[in-house]
Structures are given as structure tokens and as C-alpha cells.
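Biologist: Please take a close look at a single part of this model, the nonpolar patch on its surface, and then set it beside the aromatic pairs.

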Amino acid sequence: MEQKKSSERLVFFTDAVVAIALTLLVLPLTDLVPDLVAEHRPAVEAVTHNWSKIVSFLLSFLVIGRFWSVHHRIFEHVRAYSTALVRVNFCWLLTIALLPFPTELIGAYQSERFTVVFYLGTLLASSLCHTTMVFIIRRDPQIRGDAEPVSDETWWNHVLSAVVFALAVVVALIKPGLGYYVLLLLLFPARIALWLRARRTADK
């Protein structure tokens, strides 16, 4: 088990990979400019003729930002890391580094079944990695050290979020266009976690 300094290095490395992934998201949009210039088309068409690419960029930017924020909250409970935690963290980074690829596919193919399932499946894999990291931290006191333990509410928030992503994938297999709307259910896990906390406080 490594010391606190090493856990900070892991977080810094993770932040760097996330920053690169966020930067890569915008490259398909910047690549539009040379084509417009070569075809002598007005600059405004970069926006008016590419709404789907712009929306997919904004969506994935927000998704990665949310995952990054959740990752940081998870690592507030980490003082040292184990081999298992590092491996799962790298699996999570794989899903983040991969996300620009299905994002570009969405911009090009929009609601095609494979594209939607691929995109939502990547989000599901990322969410499962978060859930697994929380599970590892809860089970290994040496990882937590003097940090506050992961609460039951936080655990169930991650589990329920993963369930929502899984449901979105299933819906997308049946009706691709509806898969994205299932993600609106992500508003509920946090509310359920707050309800559990309030109930737990009331029982005391």
C-alpha cells in the first residue's frame, strides 16, 4: 500500500487524462473550418449546418465533467491506493479517453442504433468503474486511512446511477432515440440518497 503522496500522484495523472479527453472532444468541430474555407462557404454554416455535432460535443463535455467531479468526490475518501484501485481507475480512464470516439459517431450518425448503444455503453462502463472503486474503498480500511468512510447513501447513489445507465442501454437497443431520455432518471439517485440520509438521521 502506497503512501498519501502516491494517491495524490494518481489523482493528478487522472486529471491530466481527463483534460486531454475534454480537449479531443472539440477537434471534430475545428476540423470543419478548413472544409468551409476550401468550399468558400460562409463561416456561420459551421454552426447552422452542424447542430448535431455541436450538441454531441456539449453533451459529452458535460458528461465527462460530471464523471470527473464524481471521481474527485470518491478520492476524498482515499489516503493510499491498492493495486485493485489503480486497475479500476485505469479502466475508468479508458472509458473517458474513448468517449470522444462515440461522441464523433453521434455527431455523424445521430440516432443510429449502434451509435447510441456504443455511446451509452461507454457511459455505463464508466459508471460501473466508479461503483467498483467505491466498493473497493468501502471494503479496504487501509485505503481510507484517516479519511471519512464512504456512506451508505453515497454507495447507493452510485449503484442506482449504474442501473440508470444500464436501463438506458437496454432502451436504446429497442428504441435508440429514447435511450438518451432515460438519462434524465439520473436526477433521482441523488434524491434517493438524500432521502436515505434524512431517514437515517430521523431514526437516530
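**The nonpolar patch and the aromatic pairs**

Modeller: In this predicted model, L167 has its place in helix α10. L167 has a relative accessible area of 40% and is therefore partly exposed, since that class lies between the 20% limit for buried and the 50% limit for exposed. Together with V170, L173, I174, L185, L187 and F188, L167 forms a nonpolar patch on the surface, and these residues have about 670 Å² of accessible area together. Two elements, α10 (152-174) and α12 (187-203), each give two or more residues to this patch, and α10 provides the largest share, with 4 residues.

Turning to the aromatic side chains, a search of the whole structure finds 7 aromatic pairs. In one of them, the rings of F57 and F61 have centres 5.9 Å apart and planes at 50 degrees, so this pair is tilted; the class covers angles that are neither under 30 degrees, as for stacked rings, nor over 60, as for edge-to-face ones. F57 and F61 both belong to helix α5 (residues 51-75), where they are separated by about one helical turn because they stand 4 residues apart. As for their accessibility, F57 is buried, with a relative accessible area of 16%, whereas F61 counts as partly exposed at 38%. Elsewhere in the sequence, F101, F114 and F118 form one aromatic cluster.

How values were computed: Residues are numbered from 1 along each chain as its sequence is written. This is a predicted model: local features need pLDDT of at least 70, side-chain atom pairs count only at pLDDT 80 or more; totals for chains, interfaces and linings use all residues. Side-chain values use heavy atoms; hydrogens and water are left out. Rings of Phe, Tyr and Trp (its six-membered ring) pair if their centres lie within 6.5 Å; planes under 30 degrees apart count as stacked, over 60 as edge-to-face and the rest as tilted. Buried means under 20% relative accessible area, exposed over 50%, partly exposed in between (1.4 Å probe, protein chains only). Patches are made of residues with over 30% relative accessible area and no salt bridge: like charges are joined within 9 Å, nonpolar side chains (Val, Leu, Ile, Met, Phe, Trp, Tyr) within 5 Å. Accessible areas come from the Shrake-Rupley method with a 1.4 Å probe; for residues, only the protein chains shown count as cover. A salt bridge is a side-chain nitrogen of Lys or Arg within 4 Å of a carboxyl oxygen of Asp or Glu.
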